[in-house]
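Work through the exercises below with the structure open beside you. Try each task before reading its solution.

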Amino acid sequence: NLWKEPIFASDCITVRGKNDLHTFFLYNFLLSIQDQIFSLQKGTSQPHVYPGDIKLLQVPDIDTSIQKKIVAECEKVDEEYNTVQKTIEENKRKIEKLMSEVKGEMKRLGSVISLEYGKALPENKRITGQYPVMGSNGIIGYHNEFLVEGPSIIVGRKGSAGAVNWVEENNFPIDTTYYVHLLTDTMDLKFVYYSIANIGLETMNSSIGVPGLNRNDAYAINIPVPSLEEQQCIVQEIETYEAEIVSAKAVLSACAEKKKMILDKWL
């Protein structure tokens with residue numbers, strides 16, 4: 001991370017350039033060798049890196065005029081990145097606002113869906129295949145069999161309790177998760193996804209140790225339920241925002257490659 005104002009640094013290593021080494025050039029160079037920095041980690045319970053190991057990294061010795069050219073080009077990429085990031089945040093706010101304004105009959109969540117338990121599938125029991133294995137907060141592997149047909153909604157039960165994920169394809173949710181089953185044909189599954197993603201399930205931790213979500217607590221929440229036709233119209237509008245988010249994220253991914261190309265050109 002690059003900070004332009006004074007900070008109190010704790011549990012981190014502060015790297016400063018000496019002599020003619022431009023700070024922003026150093027920052028972008030270190031970004032380009034992140035994998036190498038990560039490989040310096042030591043320890044198992046709490047991996048860490050030592051300042052002495054960081055000091056052994058080789059930094060290109062190049063003229064300050066070249067550094068300034070690299071910095072100028074990288075700053076243009078950062079401007080693009082920041083603009084696109086704002087687009088993503090704006091569309092997320094639009095989705096949240098739209099869902100906060102939904103009107104309809106208030107119904108208990110437990111009257112329209114059930115949260116079904118995932119099934120244990122240890123890593124050593126998985127056979128590599130095409131179906132995502134779903135943990136509490138996303139894909140954790142692949143298996144040759146599926147438990148739930150897609151599209152589906154997976155909710156974190158333990159660990160990342162309350163995290164909500166939409167999965168298009170058939171998948172295998174493990175036992176730290178719930179998957180959503182509709183109890184009525186008057187509910188659109190994607191509308192349900194947006195509804196429960198915006199009700200704060202992650203704040204309903206009922207465990208003292210590992211964070212956990214009790215499904216009975218979730219069932220007691222009331223949500224507004226408009227007609228099926230209205231639900232589908234809401235989903236259609238949200239999907240236009242999501243499409244913009246997906247496009248913007250592709251641009252963000254390209255920004256990292258653009259910086260790498262800049263460094264490769266000059267170094």
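**Exercise 1: A serine in a loop**

The side chain of Ser136 comes within 3.0 Å of the backbone oxygen of Thr176. This is a predicted model. Task: find the other backbone oxygen that the side chain of Ser136 reaches, and decide whether Ser136 is buried or exposed.

Solution.
- Step 1. Locate the residue. Ser136 sits in the loop between β3 and β4.
- Step 2. Look for the other oxygen. The backbone oxygen of Lys158 lies 2.4 Å from the side chain of Ser136.
- Step 3. Check the cover. The relative accessible area of Ser136 is 9%, so Ser136 is buried. The cut-off for buried is under 20%.
- Step 4. List the surroundings. Leaving aside neighbours within four places in sequence, the contacts of Ser136 include Gly156, Arg157, Ala163 and Asn165.

**Exercise 2: A buried arginine**

Task: place Arg157 and state whether Arg157 is buried or exposed.

Solution.
- Step 1. Find the loop. Arg157 lies between β5 (152–156) and β6 (164–167).
- Step 2. Apply the cut-off. Arg157 has 18% relative accessibility, so Arg157 counts as buried.
- Step 3. Look at its contacts. Beyond neighbours within four places in sequence, Arg157 is in contact with Ser136, Asp175 and Pro211, among others.
- Step 4. Compare sequence with space. Arg157 and Arg215 are 58 residues apart in sequence, and their C-alpha atoms are 8.2 Å apart.

**Exercise 3: The sheet**

Task: give the order of the strands in the open sheet and name its edge strands.

Solution.
- Step 1. Read the order. The 3 strands run β4-β3-β7, with mixed pairing.
- Step 2. Find the edges. β4 (138–143) and β7 (172–173) each pair on one side only.
- Step 3. Inspect one pairing. β3 (residues 131–135) and β7 run parallel and are joined by 2 bridges. One partnership is that of Met134 with Pro173 in β7.

**Exercise 4: A tilted ring pair**

Task: describe the pair of Tyr117 and Tyr178, and say what parts the pair ties together.

Solution.
- Step 1. Take the geometry. The ring centres of Tyr117 and Tyr178 are 5.4 Å apart, with 50 degrees between the planes, and the pair is tilted.
- Step 2. Place the partners. Tyr117 belongs to strand β2 (residues 113–117) and Tyr178 to strand β8 (residues 177–182), so the pair ties together parts 61 residues apart in sequence.
- Step 3. Check each accessibility. Tyr117, at 43%, counts as partly exposed. Tyr178, at 2%, counts as buried.

**Exercise 5: Helix α6**

Task: how many residues of α6 are buried, and which residue caps its N-terminal end?

Solution.
- Step 1. Count. In α6 (residues 189–197), 8 of the 9 residues are buried. Among them are Leu189, Phe191 and Ile196.
- Step 2. Find the cap. A side-chain oxygen of Asp188 lies 3.0 Å from the backbone nitrogen of Lys190, capping the N-terminal end.
- Step 3. Follow Lys190. Lys190 lies over the face of Trp166, 4.8 Å from the ring centre.
- Step 4. Follow the rings. Trp166, Tyr193 and Tyr194 are linked into a cluster by ring pairs.

**Exercise 6: The cores**

Task: which helix gives the most to the largest nonpolar core?

Solution.
- Step 1. Take the core. The largest nonpolar core has 38 residues, and Leu115, Ile153 and Ile196 are among those with the most contacts inside it.
- Step 2. Name the helix. α8 (residues 228–266) gives the most to this core, with 7 residues.
- Step 3. Set the other core apart. A second, separate core of 8 residues includes Phe25 and Ile262.

Note on methods: Residues are numbered from 1 along each chain as its sequence is written. This is a predicted model: local features need pLDDT of at least 70, side-chain atom pairs count only at pLDDT 80 or more; totals for chains, interfaces and linings use all residues. Side-chain values use heavy atoms; hydrogens and water are left out. Buried means under 20% relative accessible area, exposed over 50%, partly exposed in between (1.4 Å probe, protein chains only). Helices (H or I, at least four residues) and strands (E, at least two) are DSSP runs, numbered from the N terminus. A polar contact is a pair of N or O atoms within 3.5 Å; within protein, one must be able to donate a hydrogen and the other to accept it, and residues adjacent in sequence count only if both atoms are side-chain atoms. Two strands pair if DSSP finds at least two bridges between them. A nonpolar core is a set of buried Ala, Val, Leu, Ile, Met, Phe, Trp, Tyr and Cys residues joined through side-chain atoms within 4.5 Å. Rings of Phe, Tyr and Trp (its six-membered ring) pair if their centres lie within 6.5 Å; planes under 30 degrees apart count as stacked, over 60 as edge-to-face and the rest as tilted. A charge sits over a ring if NZ of Lys or CZ of Arg is within 6 Å of the ring centre and within 35 degrees of the ring normal. Contact means heavy atoms within 4.5 Å.
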